[in-house]
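Here is a short report on one protein chain. Look at the sequence and the 3D view first, then read on.

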Amino acid sequence: MSTVLMVVIAVVVVAALAGAGLLAVRQARTRRLREQFGSEYDRAVERHGGRAAAERELLSREQRHQELELRELDPRQRDQYREQWVHVQEQFVDAPEAAVEQADRLVTVVMGERGYPTSQGFDEKVAHLSVEHGRTIDHYRRAQDISTRAARKEASTEDLRQAMVHYRALFEDLLAVPDGERAAAPSPAAPAATEPAPGEPAPKPEPDPETRAERAPEAGGPGDGASERRPETKARRDDESQPRS
């Protein structure tokens, strides 16, 4: 085999390996973006007319998301916002349209408290939220669509109820406790044993109730030693009282 042919074969092999590696990287990136953005991935593909352009747009969202100074809510804030949500839900019975408007405002307040920009348009809000809340961002889109129709008096009461459900999904996602914070929460501690005072003997452990029941059978029962000895003693006394021949 000539040297030129060996070089050509080596170049082909290297190119094939590089192509396979690049394909594996692209497939892994596509899989990650699909899992992260959920329905937003398909929506981006449809809007941009192809996967490559859609993935570039989603990667751009990630870059802009990294520039945000996001923060988690403390437990007190979570409780306060959940109480406010309860009040909004209670208002739905008498004024459903007003309740949906308040739900939209409350979600926006929580977004701002978390560090998301809220003064921009709806599409920009979605773009920022979709990076970490891709699984619930479609709820936000549906809720906003119903709110828009409600403003034109085109939404039924059932539509408004669905809007509340959709807003609630994103609301709870924004208030969710991070995994790291949940893992760091202290578990209930077992009661500590009482230490004896200096110079006092250590207390003897109290036997288990079942063990006590086995060790102390009921008086007169099968395990009572006194009841087992009484018939034998009475028989011996009767025998001694009989006259000897």
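Contact here means heavy atoms within 4.5 Å. With that cut-off, Glu40 touches Arg61, Val126, Ser130, Ile137 and Arg141, not counting residues up to four places away in sequence. Glu40 lies in helix H2, residues 39-48. Glu40 has a relative accessible area of 1%, so the residue counts as buried. One of its partners, Arg61, is among the buried residues of H3. The model is predicted.

**Overall make-up**

The secondary structure comes to 11 helices and 0 strands. Along the sequence, the pattern reads α-α-α-α-α-α-α-α-α-α-α. Of the 245 residues, 26% count as buried. The protein exposes about 17000 Å², and carbon and sulfur atoms supply 53% of that area. Take the contacts with a separation of 6 or more: residues 24 or more positions apart account for 61% of them.

**Three helices**

Spans run from the first C-alpha of a helix to its last.

| Helix | Residues in helix | End-to-end C-alpha span | Expected at 1.5 Å a residue |
|---|---|---|---|
| H3 | 16 residues | 23 Å | 22 Å |
| H4 | 18 residues | 26 Å | 26 Å |
| H8 | 19 residues | 27 Å | 27 Å |

H3 covers residues 51-66, and its span is close to the expected value. Its buried residues are Ala54, Glu55, Glu57, Leu58, Arg61, Glu62 and His65. They cover an arc of only 160° around the axis, which puts them on the same side of H3. The face turned away from that side carries the exposed residues Arg56, Gln63 and Gln66.

H4 has its own buried set: Gln77, Arg78, Tyr81, Trp85, Val88 and Phe92. Seen down the axis of H4, these residues fall within an arc of 95°, so they line one face of the helix. Turned away from the buried side of H4 are the exposed residues Pro75, Arg76, Glu83, His87 and Glu90.

In H8, the buried residues are Leu160, Ala163, Met164, His166, Tyr167, Leu170, Phe171, Leu174 and Leu175. Which helices help to cover the buried residues of H8? The cover includes H4, H5, H6 and H7.

**Cores**

In soluble globular proteins, nonpolar side chains tend to be buried together. Here the largest nonpolar core has 30 residues. Those with the most contacts inside it are Val107, Leu129, Tyr140, Met164, Tyr167, Phe171 and Leu174. At least two residues of this core come from each of H4, H5 (96-114), H6 (122-129), H7 and H8. H8 gives the largest share, 8 residues.

Leu174 shows some of this packing from the H8 side. Leaving aside neighbours within four places in sequence, Leu174 is in contact with Val107, Val110, Met111, Arg114, Tyr116, Leu129 and His133. A second, separate core of 7 residues includes Phe37, Tyr41, Ala54 and Leu58. Ala54 and Leu58 are also among the buried residues of H3.

**Aromatic pairs**

A pair of aromatic rings is described by the distance of the centres and the angle of the planes. How many aromatic pairs does a search of the whole structure find? The search finds 3. In one of them, the rings of Trp85 and Phe171 have centres 4.9 Å apart and planes at 20°, so the pair is stacked. This pair links distant parts of the chain: Trp85 sits in H4 (residues 75-92) and Phe171 in H8 (residues 157-175), 86 residues apart. Both Trp85 and Phe171 are buried. Elsewhere, ring pairs link Phe122, Tyr140 and Tyr167 into a cluster. Tyr140 and Tyr167 are also among the residues with the most contacts inside the largest core.

**Two loop residues**

Leu68 is in the loop between H3 and H4. Leu68 and Pro117 are 49 residues apart in sequence, and their C-alpha atoms are 8.5 Å apart in space. Beyond its neighbours within four places in sequence, Leu68 is in contact with Tyr116, Pro117 and His128. Tyr116 is also one of the contacts of Leu174.

Lys153 is in the loop between H7 (137-151) and H8. Most residues other than glycine have a negative phi. Lys153 is not a glycine, yet its phi is positive, about 60°. Is Lys153 buried or exposed? Its relative accessibility is 62%, so Lys153 counts as exposed.

Notes: Residues are numbered from 1 along each chain as its sequence is written. This is a predicted model: local features need pLDDT of at least 70, side-chain atom pairs count only at pLDDT 80 or more; totals for chains, interfaces and linings use all residues. Side-chain values use heavy atoms; hydrogens and water are left out. Rings of Phe, Tyr and Trp (its six-membered ring) pair if their centres lie within 6.5 Å; planes under 30 degrees apart count as stacked, over 60 as edge-to-face and the rest as tilted. Helices (H or I, at least four residues) and strands (E, at least two) are DSSP runs, numbered from the N terminus. Buried means under 20% relative accessible area, exposed over 50%, partly exposed in between (1.4 Å probe, protein chains only). The expected span of a helix is 1.5 Å times one less than its number of residues. The arc is that of the directions from the helix axis to the C-beta atoms. A nonpolar core is a set of buried Ala, Val, Leu, Ile, Met, Phe, Trp, Tyr and Cys residues joined through side-chain atoms within 4.5 Å. Accessible areas come from the Shrake-Rupley method with a 1.4 Å probe; for residues, only the protein chains shown count as cover.
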